[in-house]
Amino acid sequence: MSEETDRRILKGERRRAQLIDATLAIVERDGVAGVSHRAVAEVAGVSPSAALHYFATLDDLLVAALTSGNELSATAVAAVEDLGGFADLLATEITEHRTRFVAVYELYLLAARRPALRPEAERWIASVQDTALRLGADPTGARALAAALDGLGLQSLLSGKLPDREEALAILSRAMRLGPE
């Protein structure tokens, strides 16, 4: 490839990332109802036609935003080495990445009504369950852990209070042990 082609590709990747970041910021600030090509372009500092060029539909934009948020979370989940790692991850997501966390959860819930988002939402659940299985959980425990982690995340966002590490660890540990023995 020529140097000019490389520059165009990099510019396109940066522009796409700007639009995705803008989408996540809008979803966190205004909810999904605030997302439009025009609003995203304005936050990203680009023309509305640029937003349409990279994302033909709002679903394309929302899927890209959820995928972007999931990439970071899935990488962090894959690095978890024990149950305490899940508690630490939850704390990190809520305290250090709150904007992304809120936006991704809103998109995650929207997947119940928007089929285009479902595969990406299911990928999050699968990443947690796969890590739980790797750590020794049975399939029911892995599913319970994913549900408990999601529940703790949502409850923390709603209450504004994060459970301390010991409480989160106790809840996640109990979730993995529930079910028939």
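**A guided tour starting from helix α6**

Begin by selecting residues 98-110, which form helix α6. Its 13 residues reach 18 Å from the first C-alpha to the last, close to the 18 Å expected at 1.5 Å a residue. Please keep in mind throughout that this is a predicted model.

Next, display the side chains of this helix. Which residues of α6 are buried? They are Arg100, Phe101, Val102, Ala103, Val104, Tyr105, Leu107, Tyr108 and Leu110. A general point helps in viewing them: an α-helix has 3.6 residues a turn, so residues three or four places apart point the same way.

Now add the surroundings of α6. Against which helices do its buried residues pack? Select α1 (3-30), α4 (58-78) and α5 (83-96), and then α7 (118-134) and α8 (139-159); the buried residues of α6 pack against these five elements.

Then show the protein chain as a whole. It contains 9 helices and 0 strands, and read along the sequence it follows the pattern α-α-α-α-α-α-α-α-α. Turn the model to view its principal axes, along which the C-alpha trace spans about 60 × 40 × 30 Å. If contacts with a separation of 6 or more are considered, residues 24 or more positions apart account for 66% of them.

Switch next to a surface display. The protein chain exposes about 10,000 Å², and carbon and sulfur atoms supply 55% of that area. Of the 181 residues in the chain, 40% are buried.

Finally, colour the side chains by charge. There are 20 positive and 26 negative side chains in the protein chain, and the centres of the two sets lie 5 Å apart.

Note on methods. Residues are numbered from 1 along each chain as its sequence is written. This is a predicted model: local features need pLDDT of at least 70, side-chain atom pairs count only at pLDDT 80 or more; totals for chains, interfaces and linings use all residues. Side-chain values use heavy atoms; hydrogens and water are left out. Helices (H or I, at least four residues) and strands (E, at least two) are DSSP runs, numbered from the N terminus. The expected span of a helix is 1.5 Å times one less than its number of residues. Buried means under 20% relative accessible area, exposed over 50%, partly exposed in between (1.4 Å probe, protein chains only). Contact means heavy atoms within 4.5 Å. Accessible areas come from the Shrake-Rupley method with a 1.4 Å probe; for residues, only the protein chains shown count as cover. Lys and Arg count as positive and Asp and Glu as negative; His and the chain ends are not counted. The place of a charge is taken as NZ of Lys, CZ of Arg, CG of Asp or CD of Glu.
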